[in-house]
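Hello,

Here is the structure I promised to send over. My notes on it follow below, so you can read them with the model open.

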Amino acid sequence: MKDNICKVIAEIGSTWKRDTPESSRQAALDSIRVAAECGADIVKFQMLTDDGPWSKERALDKWEATQPYWLPPEWLPSLRTLAANVGVEFWMSFFDLKAINNYARFCTGLKLASGDLAEMSKPLLSALAKQAERYNIPMAISTGTHTDAEVVQALDWLKDFKVEVILMNCVSEYPADWRDYNLEWILKYRGRMTLGLSDHTLSTALISRSVELGYTYFEKHLKLDDTLQDNPDFGHSLAPKDF
């Protein structure tokens, strides 16, 4: 895939988490190596922080549940270096302004998660676009909880930025049923921006049809063979042999 227009994103999510900090860090590094061996063009991690969507004050239960899966920022230099060495791009999803401003410099691509495609997310979207423009890297927008009006609104906010926008067709179910994906609705934007598929199904059935329709980015969740079964991303991630 490396020389073609299509690109495959290996979403690592939280599958790097292990019982100790050192084994977790090693699993994050191993995930990058395995993704490259599987043919991925991009690896993507998530940067959750205290300033993200689930703070102690706003959602204590979610804060407690997600905190073990916060990627330590001090790992970013080594993760980015390894990604470059094995020939894959290093992307991240961000959920708060402070993290964007502090850590976007390590990335070769940025992503806005589905839940942030709404009126209240304009500052977040604008901050991502500003950093994408600054570093001349693409930014992806996931549409899993979108309305058409919210997509139009988000794209209107971005019109003053010189960035490549990748609009990711997504169903925010984990795992998702392939029959819930409407691959055609996004085609109204074909020719105006890059189209992508954030595929949470456990098969690759949607991919060939998406290629026929002009999609060029394809995201699938990846787990290692030793990913813990109680990991929140375990059930909707593909093992290397399936990826």
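Let me start with a small puzzle: is Asp156 buried, partly exposed or exposed? Please keep in mind as you look that this is a predicted model. Asp156 is partly exposed, because its relative accessible area is 40%, and a residue would need under 20% to count as buried or over 50% to count as exposed. You will find Asp156 in helix H6, which covers residues 148–157. If you want a sense of distance, try Ser31: Asp156 and Ser31 are 125 residues apart in sequence, and their C-alpha atoms are 36 Å apart in space.

Now to the overall picture. Eight strands close into a barrel, in the order E1-E2-E3-E4-E5-E6-E7-E8, with parallel pairing. From one strand to the next, the twist averages 25°. Helix H5 (residues 122–135) packs on the sheet, where it touches strands E3 (89–94), E4 (109–112) and E5 (139–142). The direction of H5 makes about 170° with that of E4.

Strand E3 is a good place to look inside. Six of its six residues are buried, so E3 is largely enclosed by the rest of the structure. In a regular strand, side chains alternate between the two faces of the sheet. In E3, Glu89, Trp91 and Ser93 are on one side and Phe90, Met92 and Phe94 on the other, and all of them are buried. On one edge, E3 pairs in the parallel sense with strand E2 (residues 42–47) over six bridges, and Ile42 stands opposite Glu89. E3 also pairs with E4, again in the parallel sense, over four bridges; here the bridge partner of Ser93 is Lys111.

While you are there, have a look at Val43 in strand E2. With a relative accessible area of 0%, Val43 is buried. Leaving out residues up to four places away in sequence, Val43 touches Ala10, Ile32, Ala35, Ala83, Val88, Glu89, Phe90 and Trp91. Several names from E3 turn up in that list, including Glu89, Phe90 and Trp91. Ser114 lies 71 residues from Val43 along the chain, and 18 Å separates their C-alpha atoms.

Next comes strand E7. E7 is mostly covered, with five of its five residues buried. Thr194, Gly196 and Ser198 point one way, Leu195 and Leu197 point the other way, and all are buried. Strand E6 (residues 165–170) runs parallel to E7 and is joined to it by five bridges. Across that pairing, Met168 stands opposite Gly196 and Asn169 stands opposite Leu197. Three bridges join E7 to strand E8 (residues 217–221), and these two strands also run parallel. Glu219 in E8 is the bridge partner of Ser198.

Following the chain on from E7 brings you to Thr201, in the loop between E7 (194–198) and helix H7 (205–213). Is Thr201 buried or exposed? At 3% relative accessibility, Thr201 counts as buried, because the cut-off is under 20%. What does its side chain reach? The side chain of Thr201 makes a polar contact with that of Asp199 at 2.6 Å. A polar atom of the Thr201 side chain also lies 3.2 Å from the backbone oxygen of Ser203. Beyond its neighbours within four places in sequence, Thr201 is in contact with Ala176, Asp177, Trp178, Tyr181, Leu206 and Lys220.

Last, the aromatic rings. A search of the whole structure finds four aromatic pairs. One of them is Trp185 with Tyr189: the ring centres are 6.3 Å apart and the planes are at 85°, so the pair is edge-to-face. Trp185 counts as buried at 15% relative accessibility, and Tyr189 counts as buried at 2%. There is also a charge over a ring to look for: Lys223 lies over the face of Phe234, at 3.6 Å from the ring centre.

That is what I have so far. Happy browsing!

Best wishes

Methods: Residues are numbered from 1 along each chain as its sequence is written. This is a predicted model: local features need pLDDT of at least 70, side-chain atom pairs count only at pLDDT 80 or more; totals for chains, interfaces and linings use all residues. Side-chain values use heavy atoms; hydrogens and water are left out. Rings of Phe, Tyr and Trp (its six-membered ring) pair if their centres lie within 6.5 Å; planes under 30 degrees apart count as stacked, over 60 as edge-to-face and the rest as tilted. Buried means under 20% relative accessible area, exposed over 50%, partly exposed in between (1.4 Å probe, protein chains only). A charge sits over a ring if NZ of Lys or CZ of Arg is within 6 Å of the ring centre and within 35 degrees of the ring normal. A polar contact is a pair of N or O atoms within 3.5 Å; within protein, one must be able to donate a hydrogen and the other to accept it, and residues adjacent in sequence count only if both atoms are side-chain atoms. Contact means heavy atoms within 4.5 Å. Two strands pair if DSSP finds at least two bridges between them. Axes are lines fitted to C-alpha atoms, for helices over the stretch in contact, and angles run from 0 to 180 degrees between N-to-C directions.
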